[in-house]
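Visitor: Could you take a close look at one part of this model for me? I'd like the packing details, with the cut-offs spelled out.

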Amino acid sequence: MQAPLHSASFDKINVIALIVKSVSSYRVLIFLRFVIAIIGGYAFTSASTALLCFLMPIAKQDAVLFSVSISILIYAVVFIYAFSVKSLKTVWISILLSTGIFAGLLALLKDWV
């Protein structure tokens with residue numbers, strides 16, 4: 001009689017180890033950086049553009065045009081930042097936290113709260 005080809009049982013510990021190994025995979029980490037660079041960068045850029053537009057002491061039309069023009073630069077800087085920082089956790093926390101602060105500050109200044 002021949003031994004089974006795969007004798008390891010799929011218990012809870014093996015599944016958890018497999019999930020941890022796949023999350024720390026290089027491709028998954030790069031994918032998560034792209035997610036925060038694209039989606040988080042968009043959220044950060046829109047929040048900072050809206051706040052900048054509100055705080056500019058010039059005519060509203062000029063403030064909007066300037067803010068939209070500078071938003072391209074802001075988005076590029078956030079995208080580069082997402083790949084330049086070594087810790088993925090630091091990238092996620094810094095982008096999401098600063099986006100929340102900008103949105104909260106804008107909400108307070110415009111009396112949305």
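How are α2 and α3 oriented to each other, roughly parallel or roughly antiparallel?

Guide: Quick housekeeping before the helices. This is a predicted model, where local features need pLDDT of at least 70, side-chain atom pairs count only at pLDDT 80 or more, and totals for chains, interfaces and linings use all residues. Residues are numbered from 1 along each chain as its sequence is written, and side-chain values use heavy atoms, with hydrogens and water left out.

Now your pair. Helix α3 covers residues 60-84, while α2 covers residues 26-55. Both names come from DSSP runs numbered from the N terminus (helices are H or I, at least four residues; strands are E, at least two). Their axes lie 8 Å apart and the packing angle is about 155°; these axes are lines fitted to C-alpha atoms over the stretch in contact, and angles run from 0 to 180 degrees between N-to-C directions. α2 and α3 are therefore roughly antiparallel to each other, given that angles over 145 degrees count as roughly antiparallel, under 35 as roughly parallel, 65 to 115 as roughly perpendicular and the rest as oblique. The crossing of this pair is right-handed, meaning the near helix is turned clockwise from the far one by less than a right angle, with anticlockwise giving left-handed. Sorted by class, the contact of α2 with α3 has 21 nonpolar, six polar and two charged residues. Here Ala, Val, Leu, Ile, Met, Phe, Trp, Tyr, Cys and Pro are nonpolar, Asp, Glu, Lys and Arg are charged, and the others, Gly among them, are polar.

α2 has another partner to look at: α4, residues 88-109. The axes of α2 and α4 come within 9 Å and cross at roughly 25°, so this pair is roughly parallel. The crossing of α2 past α4 is left-handed. Its contact residues split into 21 nonpolar, four polar and one charged.

Zooming out, the protein chain has four helices and zero strands, in the order α-α-α-α along the sequence. Of its 113 residues, 23% count as buried (under 20% relative accessible area; exposed is over 50%, partly exposed in between; 1.4 Å probe, protein chains only). Among contacts (heavy atoms within 4.5 Å) with a separation of 6 or more, 69% join residues 24 or more positions apart.

One last oddity: Asp111, in the segment after α4, has a positive phi of about 60° without being a glycine. Most residues other than glycine have a negative phi. Asp111 counts as exposed, at 66% relative accessibility.
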